Amino acid sequence: MKLRERVSADNKGSGLEKKKLDWSCSLIGASLVGAFGSSFLYGYNLSVVNAPTPYIKAFYNESWERRRGHPVDSDTLTLLWSVTVSIFAIGGLVGTFLVKLIGKFLGRKNTLLVNNGFGISAALLMACSLPVGALEMLIMGRFIMGVHGGIALSALPMYLSEISPKATRGSLGQVTAIFICVGVFMGQLLGLPELLGKESTWPYLFGVIVIPALAQLVSLPFLPKSPCHLLLEKHDQEGAKKAFRTFLGKEDVSREVEEVLAESRVQRNIQLVSVLELLRSPFVRWQLITVVISMACYQLCGLNAIWFYTNSIFGKAGIAPEKIPYITLSTGGTETLAAIFSGLVIERMGRRPLLIGGFGLMALFFGILTITLMLQDHAPWIPYLSIVCILAIIAAFCSGPGGIPFILTSEFFQQAQRPAAFTVVGTVNWLSNFAVGLLFPFIQKSLDTYCFLVFAAICFAGALYLYFVLPETKNRTHAEISQAFAKRNKAYPPEGKTDSSVTDDKTDIRPEPDSSSALQK
């Protein structure tokens, strides 16, 4: 009888009794508007600098010669270009540290709104750099755009996580990754010579950044703030109920409010946790290690190497040089389709198989790609196999590793811990991004095509760690996720009993000998 009751409770908690998901127009609108002005611009700025590279270098040379009376030497030009590309990551690191400060006073939604100021100012600086003849404006614009990206990649996942019900939290969280991929694709598309990828029009590639920023600035104020922020930090219960009703499209939001209040009762006298306090907390030690490793693998898994080799591999396959930019669009299209697929299946398959499977498949195809690149001159069909491997690696990345680390960071930590957690994870993200940009040319020069074996090893190590440590978080409350890590942390979370009324008493149950494997089923 007890076993039957427990199974019934599990089914109820996991949402199997629900006839439909808690979607609404406001929930969909908030995710689309939020992502269009945030993660879309991050993805766009990753790819937009590729097409106009020769024109920007020519602009740098002209500016230098006009001021100093002689052309810039090749080493200095390479340095200027490296700074232009890598300063985006430095700005992202600065933005990551600003999130907690801004969010503490303004909340998630208003942080996204204020962030548009960085996006618009960066767009104007970069677009006006050529007419003014100031290369510093382009570099400064890239830095400010990095600040925008750092804030966006922390504030947006927090906002989406806090406005979504458990049953759709993963799908809505994948909107961040989907729009990053769409942004990358649009950067490639607009960079075509027939559009804005010409010497006379390349500044407009940066000027169009104002469109998503203005769209978010105009639309987002009409949507509610995060109900969790209103309830836990502003203590506005009526405002939180109204926000829940708007986002969930239903009148009875008592269960959702009670779930948040359960966390509120634990945190009544708790202020926002600092980064140092988070690092010292025994209750979230393995959660923090897991999201740090996930985010490090997200940046170090070798996608930058793929972009580096794409043109040469397409050339080896016999594709005419003038057609390569159009074929390259297939990589952006593959990214987008894989991310959409992940968003559709994440609530059925769960985070764990998509993340582990993504890294595992990347390791496999990196190994195959290394072999095909070594043998590409032995048969005419081998370069085409290399192209298939490239597309498979991109698809594997975007189906899981490209977005799930952001979702896990939102799910692993309490409201008071979340800003500090995103600061830590964001720091790892941007430092890893900077390290790849700095070190990859040396790795490639030393190892040539064997550099892919380094990335295969990183992906394999990440998949192996996640297989043994990561529990499934689909349809689970923060208390349940904390209990899954409790045995490994050797510390039981204090909110376990508090949340029991909301989670059908499951959090009172001590973890079984292997809590991770118990949740994998």
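Here are a few worked exercises on the predicted model shown above.

**Exercise 1. Get a feel for the fold: say which secondary structure the chain has and what share of its residues is buried.**

Solution. Start with the elements: the protein chain has 23 helices and 0 strands. Next, burial: of the 521 residues, 57% are buried. Then look at the contacts with a separation of 6 or more: 82% of these link residues 24 or more positions apart.

**Exercise 2. Work out whether helix α3 is enclosed or not.**

Solution. Find α3 at residues 39-47 and go through its residues. The buried ones are Ser39, Phe40, Leu41, Tyr42, Gly43, Tyr44, Asn45 and Ser47. That makes 8 of the 9 residues, so α3 is largely enclosed by the rest of the structure.

**Exercise 3. Describe how α5 and α20 pack, and decide whether they are roughly parallel or antiparallel.**

Solution. A pair of packed helices is described by two things, the angle between the axes and the distance between them. For α5 (residues 74-132) and α20, the axes come within 8 Å, and they cross at roughly 170°. The cut-off for roughly antiparallel is an angle over 145 degrees. α5 and α20 are therefore roughly antiparallel to each other.

Now see who meets whom. On the α5 side, the residues include Phe88, Ile90, Leu93, Phe97, Lys100 and Arg108. On the α20 side, they include Pro419, Phe422, Trp430, Leu431 and Phe434. Sorted by class, this contact has 11 nonpolar, 7 polar and 2 charged residues.

**Exercise 4. Find the cavities of 30 Å³ or more and describe their linings.**

Solution. There are 2 of them. Take the largest cavity first, with about 50 Å³ of space. Its lining consists of Pro157, Leu160, Ser161, Ser164, Arg169, Leu172, Gly173, Phe406, Ile407 and Ser410. Two or more of these lining residues come from each of α6 (135-163), α7 (169-190) and α19 (404-412). By class you get 5 nonpolar, 4 polar and 1 charged.

The second largest cavity has a volume of about 40 Å³. Among its lining residues are Thr96, Leu153, Met295, Phe406, Phe422 and Trp430. Both α6 and α20 (418-447) supply at least two lining residues, and α20 gives the most, with 5. This lining splits into 6 nonpolar, 4 polar and no charged residues.

Finally, compare the lists. Phe406 turns up in the lining of the largest cavity and also in that of the second largest. Thr96 and Phe422 line the second largest cavity, and they also take part in the contact between α5 and α20.

**Exercise 5. Place Thr409 in the structure and list what it touches.**

Solution. Thr409 is in helix α19. Its relative accessible area is 0%, so Thr409 is buried. Leave out residues up to four places away in sequence, and Thr409 touches Val291, Arg418, Ala421, Phe422 and Val425. For a link across the sequence, take Ser294: it is 115 residues from Thr409 along the chain, yet their C-alpha atoms are 9.7 Å apart.

**Exercise 6. Say what stands out about the backbone at Asn475, and whether this residue is buried or exposed.**

Solution. Recall that most residues other than glycine have a negative phi. Asn475 isn't a glycine, but its phi is positive, about 60°. Asn475 sits in the loop between α21 (451-469) and α22 (478-489). Its relative accessible area is 15%, and the cut-off for buried is under 20%, so Asn475 counts as buried.

Note on methods
Residues are numbered from 1 along each chain as its sequence is written. This is a predicted model: local features need pLDDT of at least 70, side-chain atom pairs count only at pLDDT 80 or more; totals for chains, interfaces and linings use all residues. Side-chain values use heavy atoms; hydrogens and water are left out. On a 1 Å grid over the protein atoms alone, a cavity is a set of points where a 1.4 Å probe fits but cannot get out, and a pocket is an open set with protein on both sides within 12 Å along at least five of seven lines; lining residues have an atom within 4 Å of a point. Grid points are joined across faces, edges and corners, and a volume is the space filled by probe spheres set on the points. Helices (H or I, at least four residues) and strands (E, at least two) are DSSP runs, numbered from the N terminus. Ala, Val, Leu, Ile, Met, Phe, Trp, Tyr, Cys and Pro count as nonpolar, Asp, Glu, Lys and Arg as charged, and the others, Gly among them, as polar. Axes are lines fitted to C-alpha atoms, for helices over the stretch in contact, and angles run from 0 to 180 degrees between N-to-C directions. Angles under 35 degrees count as roughly parallel, over 145 as roughly antiparallel, 65 to 115 as roughly perpendicular and the rest as oblique. Contact means heavy atoms within 4.5 Å. Buried means under 20% relative accessible area, exposed over 50%, partly exposed in between (1.4 Å probe, protein chains only).
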